[in-house]
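The report below describes one protein chain, working outward from a single glycine to the fold as a whole. Please keep the sequence and the model in view while reading.

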Amino acid sequence: MERKRILFTEPCVAKLCTVDCPLPKKGQVLVKMAVSTISSGTERANLIGEVNVNSTRYNTQARFPRSGGYSSVGRVVADRGAFRAGDRVAMCWSTHAQVINISQSHVYKLPD
């Protein structure tokens with residue numbers, strides 16, 4: 001499956017890319033994104049290549065491509081564990097993408 005995803009491909013460059021979306025692994029949920037929030041500080045840090053975000057805080061040099069985003073809402077695409085297709089969910093530590101695979105521990109079911 002392909003999806004659109006925002007990637008910071010090099011310093012000061014953000015692109016909307018088409019990338020593969022692998023099937024969820026054990027312990028993951030496949031979610032179709034409805035809303036992905038933007039934090040100006042985190043997105044700026046990713047855009048300019050600061051080393052304190054995106055799993056690079058212990059490195060002295062930023063690596064690209066990088067992805068931003070960490071708070072979002074969507075609907076579960078397929079039954080998986082405690083979640084059912086169509087469940088409305090909130091997610092932490094997600095990314096800006098149409099569809100994402102995310103750890104079940106980062107997904108919280110919302111009331112409809």
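## A glycine and its surroundings

Leaving aside its neighbours within four places in sequence, Gly-68 is in contact with Phe-8, Glu-43, Asn-46, Ser-94, Thr-95 and His-96, where contact means heavy atoms within 4.5 Å. The model is a predicted one, in which local features need pLDDT of at least 70 and side-chain atom pairs count only at pLDDT 80 or more, while totals for chains, interfaces and linings use all residues. Residues are numbered from 1 along each chain as its sequence is written, and side-chain values use heavy atoms, with hydrogens and water left out.

Gly-68 is found in the loop between α1 (40-48) and β4. At 1% relative accessibility, Gly-68 counts as buried, a term that stands for under 20% relative accessible area, with exposed meaning over 50% and partly exposed the range in between (1.4 Å probe, protein chains only). Gly-68 and Thr-9 are 11 Å apart in space, C-alpha to C-alpha, although 59 residues separate them in sequence.

## Fold and strand pairing

The chain has one helix and seven strands, and these follow the pattern β-β-β-α-β-β-β-β when read along the sequence. Helices (H or I, at least four residues) and strands (E, at least two) are DSSP runs, numbered from the N terminus. Two strands are taken to pair if DSSP finds at least two bridges between them.

Strand β3 (residues 28-36) pairs in the antiparallel sense with strand β6 (residues 99-103) over five bridges, and in this pairing Gln-28 has Ser-103 of β6 as its bridge partner. β3 also pairs in the antiparallel sense with strand β4 (residues 71-76), over five bridges, and here the bridge partner of Ser-36 is Ser-72 in β4.

## The nonpolar core

The largest nonpolar core has eleven residues in all, namely Val-29, Val-31, Met-33, Val-76, Phe-83, Val-89, Met-91, Ala-97, Ile-100, Ile-102 and Val-107. Such a core is a set of buried Ala, Val, Leu, Ile, Met, Phe, Trp, Tyr and Cys residues joined through side-chain atoms within 4.5 Å. To this core β3, β5 (88-92) and β6 each supply at least two residues, and β3 gives the most, with three residues. In a regular strand the side chains alternate between the two faces of the sheet.

One member of the core, Val-76, touches Val-29, Leu-30, Val-31, Phe-83, Arg-84, Ala-85, Gly-86, Asp-87 and Val-89, not counting residues up to four places away in sequence.

## Cysteines and backbone details

A disulfide is a pair of cysteine sulfur atoms within 2.5 Å, and by this rule the count comes to zero. The sulfur of Cys-12 is too far for a bond because the closest cysteine sulfur, in Cys-17, is 16 Å away; the sulfur of Cys-17 is likewise too far for a bond, with the closest cysteine sulfur, in Cys-21, 14 Å away. Cys-17 is buried, with a relative accessible area of 17%.

Two residues that are not glycines have a positive phi, and the table sets out their values.

| Residue | Phi | Loop | Relative accessible area |
|---|---|---|---|
| Cys-12 | about 70° | between β1 (2-10) and β2 (13-20) | 56%, exposed |
| Trp-93 | about 55° | between β5 and β6 | 62%, exposed |

A further backbone detail lies in the loop between α1 and β4, where Pro-65 is found. The peptide bond from Phe-64 to Pro-65 is cis, with omega near 5°.

## The chain as a whole

With 112 residues, a compact globule would have a radius of gyration near 13 Å, and the 14 Å of the chain agrees with this; the radius is taken over C-alpha atoms, and the globule rule is 2.2 Å times the number of residues to the power 0.38. Taken along the principal axes, the C-alpha atoms fill a box of roughly 40 × 25 × 25 Å.

Of the 112 residues in the chain, 34% are buried. Among contacts with a separation of 6 or more, 51% are accounted for by residues 24 or more positions apart. The accessible surface of the chain comes to about 6900 Å², of which 54% belongs to carbon and sulfur atoms; accessible areas come from the Shrake-Rupley method with a 1.4 Å probe, and for residues only the protein chains shown count as cover.
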